[in-house]
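Thank you all for coming, and please have the sequence and the model open in front of you while I talk. I will go slowly through a few places in the fold, one after another.

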Amino acid sequence: TALTGALNEAADAVILLSRDAGAGTPSNLYAATYRHETGAWIEHAAPLEHFDEAFTDVQVAMDRAGNAIAIWDQRDANQSRNIYASRFHAVRGWDAQPTRISLDHAAANNPAIAMDDAGNLTVIFSQREFQLPGQGSALNGVYANRFDALSGRWAEQPLKLQSPNATTSLETNMRLGVDGQGRVMAAWRRFDGVATRIMANLFDPATGWALDASVTVDSLDWTTTMQEHDLPTLAVNRQGSAVIAWAVYDPQGHPYRQMRHVRAALGSTANLAAWRAAAAVSGADDSQNLGSPPRLGIDAAGRAAALWMRLPTQGSDAPAGIRFSKLLDRQANAWNPEQAVPLPAGNGLGALSMGVDAEGNLLVLHQHNDVETNVLRAGRYDALTQQWVELEAPTKEATDLPWLRARPDGRAMAVWRQGQRIFASFFR
């Protein structure tokens, strides 16, 4: 299975793969790297790590020189989860041993990563601080660690960005984005027993993080409506414009109570406190619910685009499909009405990926059930003509687990599984 990958500005790439060792042995984590100059993929024979216990949230970033860092969380023999990192050097290959970058006293998970132009990598994650007496719930704090490309080292200990409150604190769905000056915006979802909140924090290379000074971007009172945020996504452009989008559940008393609406807030890496009031991105259609969290991108001018799937609500005959909306006015946080993407959908719609380049063009890849099998579909939105065009998909064969990585210069890489093999195709 191709888990994740990255594409740098030189069109070099890295893919992380899991491969079952057979006979019930847990999957190992492998890597394959691509050099644009030679046009060749190299699969590295030795695994980054052999997993005796379950691992999740595998992520990777690659700098302009072709060096990469992989991150994952892993349950150790003592059943505690930790965050690990392994570095790939373009000449020497992968580290001999991964490095634990979380605290070693309690469960850590939900990592998110962002790499700046110099190859410095920022990671945030949630880590349990203590268990509430006599209860099954725990209090989680938000932590960060950072790899310094110049020294080639991680910080000795992660920093605590946000302490939990005194009763309940669940921090999930971590997201990071970095601008051209190396400033890193962080976003996540918090549930504190009273409300769900979209939170944000900011790392500035000159001043560091705003420790225990995270800001609330949006809040929904759980106790009165049972309405809540979920699945936030974050996009940051090189100029420092930022956008967070999230799904919203139906309020209490709704017959099906599903994720149905998309909302978004706008901010900037220049000022953590400058997040503006959230606005509706999607329409309100009770015949359809969200089939996916919003995919999000932002161009060089700060114009954001959101993309999501719509699936029929139970008892409805409304068709499934892909929907999108673009930010029309950044000052007013005004989005255009929800529009259908003219790509085949069908009942087997799934695995939706999107990329936005610096000029605002969108590239979309998704999986579509074509009567008997899953096939890839691809499309492109031209920002100048404001028209969608269906592209010839990179393969017409049956596929599984596709995903897309795109760059601001318009280049992109699609990866998928076909049978027991992994394939990749580049878009230029």
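Before anything else, please keep in mind that what you are looking at is a predicted model. Let me begin with strand β36, residues 412-418, which pairs with β37 in the antiparallel sense over seven bridges. Within that pairing, A414 stands opposite S425 in β37. As a general reminder, strands of a sheet pair through backbone hydrogen bonds, and they may do so either parallel or antiparallel.

If we now step back to the sheet as a whole, we find an open sheet of three strands in the order β35-β36-β37, with antiparallel pairing. The edges are taken by β35, residues 400-406, and β37, residues 421-427, and because each of these has a single partner strand, one side of each is left without a neighbour in the sheet. On average, and ignoring direction, neighbouring strands of this sheet are turned by 15° against each other.

Strand β37 leads us on to a pocket, since β37, together with β2 (13-19) and β4 (40-43), supplies at least two residues each to the lining of the second largest pocket. That pocket has a volume of about 280 Å³, and its lining includes L17, S18, W41, I42, R421 and I422. In general, rolling a probe the size of a water molecule over the atoms shows where empty space is left.

Let us turn next to strand β23, residues 259-268, which is mostly covered, with seven of its 10 residues buried. How many bridges join strand β22 to β23? There are nine, and β22, residues 241-249, runs antiparallel to β23, with A247 standing opposite V262 in β23. Strand β23 is also joined by two bridges to strand β24, residues 279-280, again in an antiparallel arrangement, and here R263 stands opposite A280 in β24.

Finally, I would like to look at a single residue, S126, whose place is in strand β12, residues 121-131. Is S126 buried or exposed? With a relative accessible area of 1%, S126 is buried, because the cut-off for that word is under 20%. The side chain of S126 reaches the backbone oxygen of E171 at 3.3 Å. Leaving aside neighbours within four places in sequence, S126 is also in contact with several other residues, among them A107, A108, N109, N110 and M174.

That is where I will stop, and I am happy to go back to any of these places with you.

Note on methods: Residues are numbered from 1 along each chain as its sequence is written. This is a predicted model: local features need pLDDT of at least 70, side-chain atom pairs count only at pLDDT 80 or more; totals for chains, interfaces and linings use all residues. Side-chain values use heavy atoms; hydrogens and water are left out. Two strands pair if DSSP finds at least two bridges between them. Helices (H or I, at least four residues) and strands (E, at least two) are DSSP runs, numbered from the N terminus. Axes are lines fitted to C-alpha atoms, for helices over the stretch in contact, and angles run from 0 to 180 degrees between N-to-C directions. Buried means under 20% relative accessible area, exposed over 50%, partly exposed in between (1.4 Å probe, protein chains only). A polar contact is a pair of N or O atoms within 3.5 Å; within protein, one must be able to donate a hydrogen and the other to accept it, and residues adjacent in sequence count only if both atoms are side-chain atoms. Contact means heavy atoms within 4.5 Å. On a 1 Å grid over the protein atoms alone, a cavity is a set of points where a 1.4 Å probe fits but cannot get out, and a pocket is an open set with protein on both sides within 12 Å along at least five of seven lines; lining residues have an atom within 4 Å of a point. Grid points are joined across faces, edges and corners, and a volume is the space filled by probe spheres set on the points.
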